[in-house]
Amino acid sequence: MNFKSIKGTRDILPGEVETWQRAEDVVRRVMHSYNYREIRTPVFEQTELFARSIGELTDIVSKEMYTFHDRSNESLTLKPEGTASVLRAYIQHNLGEQSPLTKVYYLGPMFRQERPQAGRLRQFHQFGAEALGSQSAQLDVEMMLIALDVYQGLGIRQFALAINSVGCQRCRPAYKQRLTYELTKVCDRLSTESQARVKQNPLRVLDSKDENDRRLTKNAPLMKDHLCDGCREHFKSVESLLRSTRTDFRIDGRLVRGLDYYTKTAFEITSPALGSQDALAGGGRYDLLVQELGGKPTPGVGFAAGMERLIMVLKKDRKDLTDRFRPDLFIASLDETTREWAFVKARELRTAGFAVELDYLDRSVKSQMREANRLQARFVIVIGERELTSGSARLKEMQTGKEAPVMLEALEKVLKT
Ligand code: AMP
């Protein structure tokens, strides 16, 4: 039987993984520059945690979760997103007691049983951040800037930031009622999916991708025009901070996002280099969520960004860094004795911080040289009995082809230069 990876999952092979590592390095550097600390939460949680936070009626919870019962018959779910777990940990470990503002980030796999296509997988990876404990609009903008700094740090120049406000519990109910009233008038002409949403989650009808839905709801009222004073002020601050930091953005009154927990700010970053799944990152404020999950009332804001889509953009821009990993030295050896010497020397150099490779397959010197070339080793050294006796050998710089004699004792020093 030939085993294959599960539909919607991917292997990240050597060659591609270097691009991932480079991107992850930049994510960590940017997160640290904004003083976010890493948090690692388990891959699975109680199902109820996601139902409660993301919302029973969302696509994620109603259709896409990997839910199973373990042997004690507890319902568990592979995490479809990061925020719920971070908040669960925040509450469980009383992080709010330790400091009035908690800033954390994560990087890791998420699971959703969606229809796989380019840029949409069933196991995918996200990096994201959460700031808990402040209502400041500066943090809303900080989330956008972190994501943008990561993209810019990786040399990606083309992306678009869209923002909106989805209101709060004070202004949303009245608006929702008004919207439902307007949508009911055209309900029987909407797509089946939107028809179902009119009653359950009318805001989501606005971000339907269906052309006909869009036409029918062209004049529907928008949340951003029905905000209470607090939400309006907050939205203005977000806009003003984006301007002060010279960040391009546009307001998209239809931007809602698929998770129920957002209040006030919602945002999305898209890339023109991607196809129909063009969202690179999304996030927003969720001032009621900690309380909803059993914690003390604590405002929060966060974002999540897809790694696979980021890598797709890097590849398109030819910014994938497949040749980043190169050994510093390849030790080619001629016989059993020199092979053992090479093994010991390699260990010595490796502990000194160098990447060293050698031959494990008893190959001819010629094919060892070929291998060193394939690996793009910086230097190659050939060790035979003569070299061991004399304590010196010729070190060849692969790129220039230049050779120079080197004392074996001094190899480490020479590699350092
Ligand atoms: P969300 O948690 O749905 O707001 O998604 C945040 C980001 O994660 C999106 O903008 C995508 O970049 C990425 N993403 C979400 N779902 C998937 C998926 N099924 N496959 C790959 N990337 C995804």
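These are my notebook entries on the domains, helix packing and sheets of a predicted model.

**Entry 1: ground rules**

I number residues from 1 along each chain as its sequence is written, and I keep to heavy atoms for side-chain values, with hydrogens and water left out. Since the model is predicted, local features need pLDDT of at least 70 and side-chain atom pairs count only at pLDDT 80 or more, while totals for chains, interfaces and linings use all residues.

**Entry 2: domains**

I looked up the domain assignment of the protein chain and found domain 1 (17–171 + 227–316) and domain 2 (326–416). Such bounds come from an automatic or database domain assignment. I then checked the spacing, and the C-alpha centres of domain 1 and domain 2 lie 48 Å apart.

**Entry 3: helix 6 with helix 11**

I take helices (H or I, at least four residues) and strands (E, at least two) as DSSP runs, numbered from the N terminus. Axes are lines fitted to C-alpha atoms, for helices over the stretch in contact, and angles run from 0 to 180 degrees between N-to-C directions.

Helix 6 (residues 137–153) packs with helix 11 (residues 229–244) at about 50°, and their axes are 9 Å apart. The two helices are therefore oblique to each other; angles under 35 degrees count as roughly parallel, over 145 as roughly antiparallel, 65 to 115 as roughly perpendicular and the rest as oblique. I noted a right-handed crossing for helix 6 and helix 11. A crossing is right-handed if the near helix is turned clockwise from the far one by less than a right angle, and left-handed if anticlockwise.

For contact I use heavy atoms within 4.5 Å. Helix 6 contributes Ala137, Gln138, Asp140, Val141 and Met144, and helix 11 contributes His234, Ser237, Val238, Leu241 and Leu242. By class I get 6 nonpolar, 3 polar and 1 charged residues in the contact of helix 6 with helix 11. Here Ala, Val, Leu, Ile, Met, Phe, Trp, Tyr, Cys and Pro count as nonpolar, Asp, Glu, Lys and Arg as charged, and the others, Gly among them, as polar.

**Entry 4: helix 1 and its partners**

I turned to helix 1 (residues 17–33), whose axis comes within 9 Å of that of helix 6, crossing at roughly 135°. That angle makes helix 1 oblique to helix 6, and the crossing is right-handed. On helix 1 the contact uses Arg22, Val26, Val27, Arg29, Val30 and Met31, while helix 6 brings Ile146, Asp149, Val150 and Gly153. This contact of helix 1 with helix 6 divides into 6 nonpolar, 1 polar and 3 charged residues.

Helix 1 also packs with helix 13 (residues 307–316), at about 110° and with the axes 11 Å apart. So helix 1 is roughly perpendicular to helix 13, and their crossing is right-handed. I found Thr19, Trp20, Ala23 and Glu24 of helix 1 meeting Met307, Glu308, Leu310, Ile311 and Leu314 of helix 13. The class split for helix 1 with helix 13 is 6 nonpolar, 1 polar and 2 charged.

**Entry 5: the sheet of strands 2, 4 and 3**

Next I traced an open sheet of 3 strands in the order 2-4-3, with antiparallel pairing; two strands pair if DSSP finds at least two bridges between them. Strand 2 (44–46) and strand 3 (67–69) are at the edges with a single partner strand each, so one side of each has no neighbour in the sheet. On average, neighbouring strands of this sheet are turned by 35° against each other, direction ignored.

Strand 2 and strand 4 (residues 75–78) pair over 3 bridges. Phe44 has Leu78 as its bridge partner. Helix 2 (residues 47–54) packs on the sheet and touches strand 2, strand 3 and strand 4, with its direction at about 80° to that of strand 2. I also saw Glu45 partnered by Thr77.

Strand 3 is joined to strand 4 by 3 antiparallel bridges, and Thr67 has Thr77 as its bridge partner. The hairpin of strand 3 and strand 4 has 5 residues between the strands, and Asn73 there takes a positive phi near 65°.

**Entry 6: the sheet with strand 12**

My last look was at an open, mixed sheet of 5 strands in the order 13-12-14-15-16. Strand 13 (356–358) and strand 16 (403–407) stand at its edges, each with a single partner strand, so each has one side without a neighbour in the sheet. Neighbouring strands here are turned by 30° on average, direction ignored.

Strand 12 (residues 329–333) and strand 14 (residues 379–383) run parallel and are joined by 5 bridges. Ala332 stands opposite Val382 of strand 14. Helix 15 (residues 365–374) packs on this sheet, touching strand 12, strand 14 and strand 15 (392–397), and its direction makes about 170° with that of strand 12.
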